[in-house]
Amino acid sequence: MTDQCDSIVQRSMGSEFARLHSRIQEQYGITSVSQSAFIGRGVMEEVWHGRWYTVPFLFLGATRRILFPETGRGIPFEIRNYAYLDDLGRETVTWKRVFEFPRRTRDFDEYFVYSERQGGPVLYAGTHQHLSVDLVFEAATDGSLVVTTTRQQVHVGPFSIPFPRFFSGDAWVRESFDEERQCFLVDVAISNRFWGRILGYRGWFRLERVSCSLEDIPDGVHPIRVVGRH
């Protein structure tokens, strides 16, 4: 179990956490003892995917809320950050995103924990946590949070194996706060070194901090399966 005095991102970034914009510090400072959650709503100005040969993988990922094949502009968007202890006692924070496309709604679920074994943050993607990704958090000069991914693993039954680089996607996320508009700006891009662009989106949202005890976390927030390989 992690030290509950500091959030996952605080532990990961150390003193660099203080360089983030104060609103971003607030968002990523919640823990399982914060008694609160963040609900954000806004618009993704552009949602895109890569060339035609990436689409079958996007449909496959959509079955586990890891990826999705839809694209568009002006897409209503929601993000929900909840903090809790998972079934293994690890401090966990959700990145639950909802995209309201014209013909259907798509969920994009991620859960991140602090790995004591690795001494850093790990993200589990999707409802069944079949894919895990090591994360790197950095503060940009303007106070933005930049997140990149490194090692990736696939978890099937009792086995965990490295995800082949030929198929894996490298993610880049930048989140900043616009003082004039009083909203968060987000830019996400997932790409593969061989296949090129896979999926991405950019837009804005406004966050509301709400009172939320561990008992108040809604059904459907927790993953169906928890993987404890880190």
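This is a tour of a predicted model, with a residue or element to select at each stop.

**Stop 1: strand β1 and its two partners**

Select residues 36–49, which form strand β1. Then add residues 196–211, strand β12. These two strands run antiparallel and are joined by 13 bridges. To find one of the pairings, pick M44 in β1 and look across to β12, where its bridge partner is G203.

Now add residues 75–81, strand β2. How many bridges join β1 to β2? There are seven, and this pair of strands also runs antiparallel. For a landmark here, select F38, which stands opposite N81 in β2.

When you look at side chains along these strands, keep one rule in mind: in a regular strand they alternate between the two faces of the sheet.

**Stop 2: N81**

Stay on N81, which is in strand β2. Is N81 buried or exposed? It is buried, because its relative accessible area is 1% and the cut-off for buried is under 20%. Show what surrounds it: apart from its neighbours within four places in sequence, N81 is in contact with Q27, I30, A37, F38, T94 and W95. F38 therefore appears in this list as well as opposite N81 in the strand pairing.

For a sense of distance, select E138 too. N81 and E138 are 57 residues apart along the chain, and their C-alpha atoms are separated by 19 Å.

**Stop 3: helix α3**

Select residues 55–62, helix α3. Colour V55, L58, G61 and A62, the buried residues of this helix. Turn the view until you look down the axis of α3: the buried residues fall within an arc of 120°, so they line one face of the helix. A general rule helps here: an α-helix has 3.6 residues a turn, so residues three or four places apart point the same way.

Next colour P56 and L60. These exposed residues are on the face of α3 turned away from its buried side. What covers the buried residues of α3? The cover includes β1, β5 and β12.

**Stop 4: the nonpolar cores**

Select F99, F112 and F137. They belong to the largest nonpolar core, which has 47 residues, and they are the ones with the most contacts inside it. Zoom in on F112. Leaving out neighbours within four places in sequence, its contacts include I8, V9, Y28, W95, V122, L123, L135 and F137. E91 and T92 are also among the residues that F112 touches.

A second core, separate from the one above, has eight residues, including I39, Y111, C212 and I217. As a general point, nonpolar side chains in soluble globular proteins tend to be buried together.

**Stop 5: two cysteines**

Keep C212 selected and add C183. C212 is buried, with a relative accessible area of 9%, and C183 is buried at 0%. How many disulfides does a search of the whole structure find? The count is zero.

**Stop 6: salt bridges**

The model has 17 salt bridges. Begin with E70 and R106, whose side chains meet in a salt bridge with N and O 2.8 Å apart. This pair links distant parts of the chain: E70 is in the loop between α3 and β2, R106 is in strand β5, and they are 36 residues apart. Both partners count as buried, because the relative accessible area is 17% for E70 and 9% for R106.

Compare E16 and R19, which form a salt bridge at 3.4 Å, N to O. Here E16 is partly exposed at 23%, and R19 is partly exposed at 45%.

In β2, select R80 and E78. Their closest N and O atoms are 2.6 Å apart. R80 is partly exposed at 25% relative accessibility, whereas E78 is buried at 18%. Finally, select E45, E46, R73 and R202, which are joined into one network by salt bridges that share partners.

**Stop 7: V133**

End in strand β7, residues 131–139, by selecting V133. V133 is buried, with 7% relative accessibility. Beyond its neighbours within four places in sequence, it is in contact with P121, V122, L123, T149, T150, R151 and Q152. Two of these, V122 and L123, are also contacts of F112 from Stop 4. Add R225 as the last selection: V133 and R225 are 92 residues apart along the chain, with 16 Å between their C-alpha atoms.

Terms used:
Residues numbered from 1 in each chain as written. Predicted model: local features only at pLDDT ≥ 70, side-chain atom pairs only at ≥ 80, totals over all residues. Heavy atoms only, no water. Helix = DSSP H or I, 4+ residues; strand = E, 2+ residues; numbered from the N terminus. Disulfide = S-S within 2.5 Å. Buried < 20%, exposed > 50% of the residue type's maximum accessible area, 1.4 Å probe, protein only. Core = buried A, V, L, I, M, F, W, Y, C linked by side-chain atoms within 4.5 Å. Contact = heavy atoms within 4.5 Å. Salt bridge = Lys/Arg side-chain N within 4 Å of Asp/Glu carboxyl O. Arc of directions from axis to C-beta.
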